[in-house]
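Student: Could you walk me through this chain with me asking as we go? I would like to begin with how its strands are put together.

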Amino acid sequence: MGIIRKTIKTIAASPGAWPVVARVVRGEGITTLMYHRIQADGNGFQAPGVDTFREQMQWLKAECMPVHPDQFVEVLQGRRTRRPAVLVTFDDGYRDYHDHVYPVLKELEIPAVVFLATRFVDEGGMIWTDAVTWAVHHSPVSEVDLPWPGGSRFDLSAPGGRRTCVDACKAFLKNIGDEERNRWQEQLFQVLAVDPLGEGPGRQMLNWDEVRATMEYTTYGGHTHTHPILSRVDPSVAEWEIRKCRDRIFEETGVSPRYFAYPNGRAQDFNEQTKNILQREGFELAFSTVEGIQRRGMDPFAILRQPTGARTIGDFAWLVAGR
């Protein structure tokens, strides 16, 4: 069955079959692709490689219509395009966007949006989810009891043990308040006997010079200042996070951001109050991590996106098709 599925996807991505797939399977709307990192070499974080990304963008350029974010509403509300419309987005603002992604986008003349968590552009360091990932994978201990109530014991020496532990840590920490998360996270680092900020992998995030150097084909959007889950902080904190992020981008680029992506981005990670704050602060579109294709009439402050873990062009085409 796997071979049959792989063959179907490979055929779907071909120039002869793709127009039919795009029209019949995908239908109208905009596919928004959601990337985070692109790897040039192994550093402990999972992400597509540079060659895979280049192949995906070459296929996208040949078979789809990459759109600029400023065209998003017009394309969505207009007539159906001959080729499926696709928007490329990157969350968080990793350094590899400047080093490895932007050269590909510039060569192919594909626009993209990068959503910046501005504290990390200002100060360096790691977003908390990356800090947890790095800490688990680089802990010197062979077993760990997760420190919170109900936390399980993990054998970090077992095959896949560290990855399973990371998943368990994130599942717990993403579902509690921001202050409580900070407390448990510090205790986690203690039981892991590692300091990801002091011993970490070096600079991971863009700096402002790199942001400015990539603006020809990049629109920079907001992603809060410190990357909290907005529905789990006080509304006054959420407002400060959104405004601070907006102001830092404007101060450094001279362009006030109009687009935003919610940290973590599940349906429970933002709410009507969050959307109202964004609108008051001048944002026009906001992107979630809820999967799907954005259709006409859908909420512009809860835009659907497609994750980008595809290993083959067939898988990638299927993803663009919303499957």
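**Strands and their surroundings**

Tutor: Strand S1 and strand S10 (residues 303-307) run parallel and are joined by 2 bridges, where strands are DSSP E runs of at least two residues, helices are DSSP H or I runs of at least four residues, and both are numbered from the N terminus. Two strands are said to pair if DSSP finds at least two bridges between them. Before going further, note that this is a predicted model, in which local features need pLDDT of at least 70 and side-chain atom pairs count only at pLDDT 80 or more, while totals for chains, interfaces and linings use all residues. Residues are numbered from 1 along each chain as its sequence is written, and side-chain values use heavy atoms, with hydrogens and water left out.

Student: Okay, which residues stand opposite each other between S1 and S10?

Tutor: Met34 stands opposite Pro307 in S10, and Leu33 has Gln306 of S10 as its bridge partner.

Student: What else does S10 pair with?

Tutor: Strand S9 (residues 285-291) pairs with S10 in the parallel sense over 2 bridges, and there Glu291 stands opposite Arg305 of S10.

Student: Why call S10 largely enclosed?

Tutor: S10 is largely enclosed by the rest of the structure because 4 of its 5 residues are buried. Buried here means under 20% relative accessible area, exposed means over 50%, and partly exposed lies in between, with a 1.4 Å probe and protein chains only.

Student: And S1, how many of its residues are buried?

Tutor: In S1 (residues 30-35), 6 of its 6 residues are buried, so to speak of it as mostly covered is fair. Ile30, Thr32 and Met34 point one way from S1, Thr31, Leu33 and Tyr35 point the other way, and all are buried.

Student: Which strand does S1 join through 6 bridges?

Tutor: That is strand S3 (residues 85-92), which runs parallel to S1, and Ile30 of S1 stands opposite Ala85 in S3.

Student: Stay on S3 for a moment. Which other strands pair with S3?

Tutor: Strand S2 (residues 65-66) is joined to S3 by 2 bridges and runs parallel to it, with Pro66 having Val86 of S3 as its bridge partner. S3 and S4 also pair in the parallel sense, over 5 bridges, and Asp91 stands opposite Phe115 in S4. As for cover, S3 is largely enclosed by the rest of the structure, because 8 of its 8 residues are buried.

Student: Any odd backbone angles? Which residues other than glycine have a positive phi?

Tutor: Asp92 has a phi near 90°, a positive value in a residue other than glycine; Asp92 is placed in strand S3, and at 5% relative accessibility it counts as buried. Glu109 is not a glycine either, and has a positive phi of about 55°; Glu109 sits in the loop between helix H5 (95-108) and strand S4 (112-116).

Student: Switching to loops, where is Ile38, and what does Ile38 touch?

Tutor: Ile38 lies in the loop between S1 and helix H3 (50-63), and it is buried, with a relative accessible area of 1%. Not counting residues up to four places away in sequence, Ile38 touches Ala47, Pro48, Gly49, Val50, Phe53, Phe90, Asp96, His100 and Val101, a contact being heavy atoms within 4.5 Å.

Student: And Pro228, buried or exposed?

Tutor: Pro228 counts as buried at 1% relative accessibility, and is found in the loop between strand S7 (218-222) and helix H12 (235-253). With residues up to four places away in sequence left out, Pro228 touches Asp178, Val233, Glu241 and Pro263. Pro228 and Glu179 are 49 residues apart in sequence and 9.7 Å apart in space, C-alpha to C-alpha.

Student: Last topic, the whole chain: how many helices and strands are there?

Tutor: The chain has 14 helices and 10 strands. Its radius of gyration is 20 Å, close to the 20 Å that the globule rule gives for 323 residues, so the chain is as compact as a globular protein of that length; the radius is taken over C-alpha atoms, and the rule is 2.2 Å times the number of residues to the power 0.38. Of the 323 residues, 51% count as buried.
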